[in-house]
Structure formats: structure tokens, C-alpha cells
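Grab a pencil and open the viewer. Below are some short exercises, each with a worked solution to check yourself against.

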Amino acid sequence: MGRINCFLPCSDLSFWEELIGDLKSNSLVETVYLFGEKIPGQIPEGCRHLQTDGQFSTATLRQLADHSADAAYALVVTRETHITLGFFALERFLQVAEDTGAGLIYSDFYELQEGGKVARPVIDYQVGSLRDDFEFGPVIFYNSRALISAAGSLKDHTRYAGLYQVRLKLSQVQLPQRIQEFLYSVEQVDLRASGKKMFDYVDPRNREVQIEMEGAATRHLKEVGAYLEPGFTEIRFDSNAFDIEASVIIPVLNRVRTIRDAIESVMSQVTSFSYNLILVDNHSTDGTTELVAGLTEKYPNLIHVIPERNDLGIGGCWNVGVHHPRCGRFAVQLDSDDLYAAGDTLERIVRTFHEQQCAMVVGSYRMTNFELEEIPPGVIDHREWTEENGRNNALRINGLGAPRAFYTPLLRQIRIPNVSYGEDYAVGLAISRNYRIGRIYDPIYLCRRWEDNSDAALSVAALNNHNLYKDRLRSFELLARIKQNTAS
């Protein structure tokens, strides 16, 4: 059996008393390093201080790698919180590492909450697990040789992206391996619901971090052959005849509290072209169907469609709307919870299609509560999207923004997956592979957050399922881009 060096980030010694005791009493552990800018207080006996810049920078990862050299493996804790190792946890990490030869091992864990101990399973790593916020848990077990090689080969210096850089580099040799066992317990730190956490990556306060993460992801795509050079397939809007220029498509299921507002938002649009609203009612049972039916008498351009099928998700409903014979040249999204920010939203979207000669347009939105008062993080404008690198960075982030609009003939060709989460992301990735995506950076959409949002407070199982699916979409797209680059 090999030996292990352990690395704990430390700005508060009180977090680590129990864990340090457990590590020092285990014969597998060679050295316990406390790393950070400055250790507050007396370093515990038998531990060593490793002075770093206080972040998980490229330099910090190289220091950790260098100090792992006298042991076969390195256990790195990635956040300061109380951690309790399970029975023979280190032995299990070591056993799997030696059996698989993987450079990075991680495991499921328990979260300690007020109500007791709660299982916190993580998900399996894929080639498309390119999110910089992929949840490994706070304990990562590295093969020291692999860590040294990965850290030593990094070409870009970053302040925040060191862990991400090393993980991507290791994945090029062998994918990280998950142990589907609960090997430790951790005190829960982030108590926010999923609906609050999901927008962290677009919070303007995190912009500097995101720029670094984009650089790391872009280099990885180049190294694995999936990077797309600037350049797009030309799109021509005059090759297909349409009686209607634009159709707003709203899939809806049991939204009697919000659907009238959404419809009125569409009907208040002032445009220089003809438009309609195709509302695909997925067999609502709460009064939505009757409300919409009544509004069709008021609005002749409101098309109320109840699908014959009973197996449709949001994506399937979108396909029904897009393939409707009265769908216009451009299909524009509006969720049944949300509103357009002003009466010129449709006009601006269609104008952007023609000005930017793009196959898809993505706008910006303002986060609001149910009363339409702005809530944090405010405006989500996805300014990380650039003409040169947006479609590469799209493989790292969790979404492309809203509202989304599509050139209908292309959307009919690609089609939307029949799911109710990530369907817009899937089609956006597919379109961006060859076609330009246009952007509007002013908020033209109000994203209303309330207790009935489908992602307001997801369970761990549901959140994992969503993340696993989006990683799968990225895997498909990564492989498609490698194939396309190889053939060109």
C-alpha cells in the first residue's frame, strides 16, 4: 500500500482539529500540510505549513504537487468546513486508486444538517463534464505522479482556476473515477435552495473568476481537438416563404396564475411585421385550458394547441409549436411564468436576426420576484459570450440566456429533445456548432422567480439528474465537434 500526503486549506484552525487527529493517527498518512497565506495560531504538532497565495491558483496547485512527491498519493481538501472521515475511508480511496490507476478519485458523502445526516451522492464524470462547478465534494484523492505531471504541464497562470486546470488536464489521460460510497461527512455550508445557487456563474461579482475558467476550458478544447475556430455557415432568410414573420411559442402546463400575464405580454408587442402566439397546452388540469380558450376570442392571433400525445415534455411541446403550419419564420421563446420587458421585444429580436445574420438570437433578462421587483443577481446578460469564443465557452457554462429565438427551418431540422430540462441548451449547442448566435445585451425579458418554478428548490436527486443530463449533452457535442474537426 502506498502512503498519502494530506493538504488542508487553513485560515481557521478550529475546522481541522478532528480531521488532523484522524489523519495523524492513520499509518497511511505521511505528512499533513496546512496551506494558505498565513496560519492563524500555532501549527499543530506533526503538521507543516505551506505558504500559498490563499487561492486555488495555478501556483498553489504546483506547490501542492511538488509537496506530494514523497508520497504515492495526495488527499486535497478544497474548502474549509468540518469533515469527518468514514470507517476505513482513506484505505478505500487508496484501494480504488491503486486498482484503477486513475489520477483523480472522488466519492459520495454525507452532509450534516440541523435535521441530521443527509446523503449527498455526486454524479459520474464524463468527457462532457466541463463545468468548472462540477461537484466532486470537498475531498479529492490524487495520484501524486499524475498530479505532478498535470500541474507541471499547465501553460497559463491563473489566480482561481488551478483546480479546474488540473482536473481538465488529468481527464485527458483518464476520466476521474467516482466511488459510489459515502466515505466522509461534511458540515453543510451553503444552505441556499437550488433556485438561488443556479445563477452564481453569471453573477457579475464572479466575472474575473469566469474569465479564468473560460481560458482554461478553451485550452482544454484545443488540446482534445474540440475547439471551433471563428467562422460560421451563412444563413439565408429568403430561401423559405412564410406568411407570418415571427411566432412566440409558449409551452404551458398548469400555470393558471401566470399564463394570462404571459399572453398579455405577447399581445402588447408593437411590430412592423405580422406575428402570432402558438400556445401549446400540455393537458392542463388547473383551469389554464379554459382561461386560454377564453382569450382566443379576444386575440385572433392566439393559437391554442392541445397536443394529441400525452408523452411530451417542454421540448416536445416546442416541437409541436415549431412544426405547426402557422409557425412563422422565427420562433421566439416565452416561458409561461415570464414576461417580455417592453413592447418592442419582438421587434428587436427579429431585427437582430437580420442585422447579425444569425440562426439563433439570445437576449438578456432581469431576475424579479412575483411582483416584478428586481431580485439578486439582477440582470443576467451573459456578457461572457463573444463572437470569437462564445460557442466554445458554451460547453463550460450551464445555459445560454433568455429569451431565445430560432430560425424556424433550421429548428425544424435539428429538433428539440423531448425533455423538460436542458432542451434549450441542447439545441443551442447544436446550432452554435456551425451557425452564428446573435446577442442582445440589454434586458428584454423578465424572469419571474416564485415558489412554483420547476427549479426553485430541487432535491439532490433531481439536481444530480439535471446535471448528469447536461453533462451528457456536452459529451455528445464534444464528440460531434471532434468528429467535425477531424473530417475537415
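**Exercise 1.** Which exposed residues does the face of α4 turned away from its buried side carry?

*Solution.* Start with the inside of the helix. In this predicted model, α4 runs over residues 144-152, and Ser-144, Leu-147, Ala-150 and Ala-151 are buried there. These four cover an arc of only 130° around the axis, so they sit on the same side of α4. Now turn to the face pointing away from that buried side: Arg-145 and Gly-152 are the exposed residues it carries. To finish, find the packing partners. The buried residues of α4 pack against α2 (58-66), β4 (73-77), β8 (139-143) and α5 (162-171).

**Exercise 2.** Try the same on helix α9: which of its residues are buried, and what covers them?

*Solution.* Step one: look along residues 288-298, which make up α9; the buried ones are Thr-288, Thr-289, Leu-291, Val-292 and Leu-295. Step two: check their directions. The arc they cover around the axis is only 160°, which puts them on the same side of α9. Step three: flip to the face turned away from the buried side, where you'll find the exposed residues Glu-290 and Glu-297. Step four: look at the cover over the buried residues, which includes β10 (246-252), α8 (259-267), β11 (275-281) and β12 (302-305).

**Exercise 3.** Is Thr-58 buried or exposed, and which residues is Thr-58 in contact with?

*Solution.* First place the residue: Thr-58 is in helix α2. Its relative accessibility is 0%, and buried means under 20%, so Thr-58 counts as buried. Next, leave aside neighbours within four places in sequence. What remains in contact with Thr-58 is Leu-154, Asp-156, His-157, Thr-158, Gly-162 and Gln-165. For a distance to try in your viewer, go from Thr-58 to Glu-181: they are 123 residues apart along the chain, and their C-alpha atoms are separated by 30 Å.

**Exercise 4.** Glu-355 and Asn-464: which relative accessibility goes with each, and is each one buried or exposed?

*Solution.* Take Glu-355, which lies in helix α11 (residues 345-356). Its relative accessible area is 57%, and exposed means over 50%, so Glu-355 is exposed. The C-alpha atoms of Glu-355 and Pro-377 are 30 Å apart, with the two positions 22 residues apart along the chain. Then take Asn-464, in helix α15 (residues 460-487). At 11% relative accessibility, Asn-464 counts as buried. Once residues up to four places away in sequence are set aside, Asn-464 touches Arg-120, Pro-121, Val-122 and Ile-123.

**Exercise 5.** Zoom out: does the radius of gyration agree or disagree with that of a compact globule, and why?

*Solution.* Begin with the rule: a compact globule of 488 residues would have a radius of gyration near 23 Å. The protein has 25 Å, which agrees. For the spans along the principal axes, the C-alpha trace gives about 80 × 55 × 35 Å. Inside that outline there are 15 helices and 18 strands.

**Exercise 6.** How many of the residues count as buried, as a percentage, and what share of the accessible surface belongs to carbon and sulfur atoms?

*Solution.* Of the 488 residues, 54% count as buried. The accessible surface comes to about 21100 Å², and 49% of it belongs to carbon and sulfur atoms. Finally, look at the contacts between residues at least 6 apart in sequence: 80% of them join residues at least 24 apart.

Definitions and conventions. Residues numbered from 1 in each chain as written. Predicted model: local features only at pLDDT ≥ 70, side-chain atom pairs only at ≥ 80, totals over all residues. Heavy atoms only, no water. Helix = DSSP H or I, 4+ residues; strand = E, 2+ residues; numbered from the N terminus. Rg over C-alpha atoms; globule rule 2.2 N^0.38 Å. Buried < 20%, exposed > 50% of the residue type's maximum accessible area, 1.4 Å probe, protein only. Contact = heavy atoms within 4.5 Å. Areas by Shrake-Rupley, 256 points an atom, 1.4 Å probe, with all protein chains shown as cover. Arc of directions from axis to C-beta.
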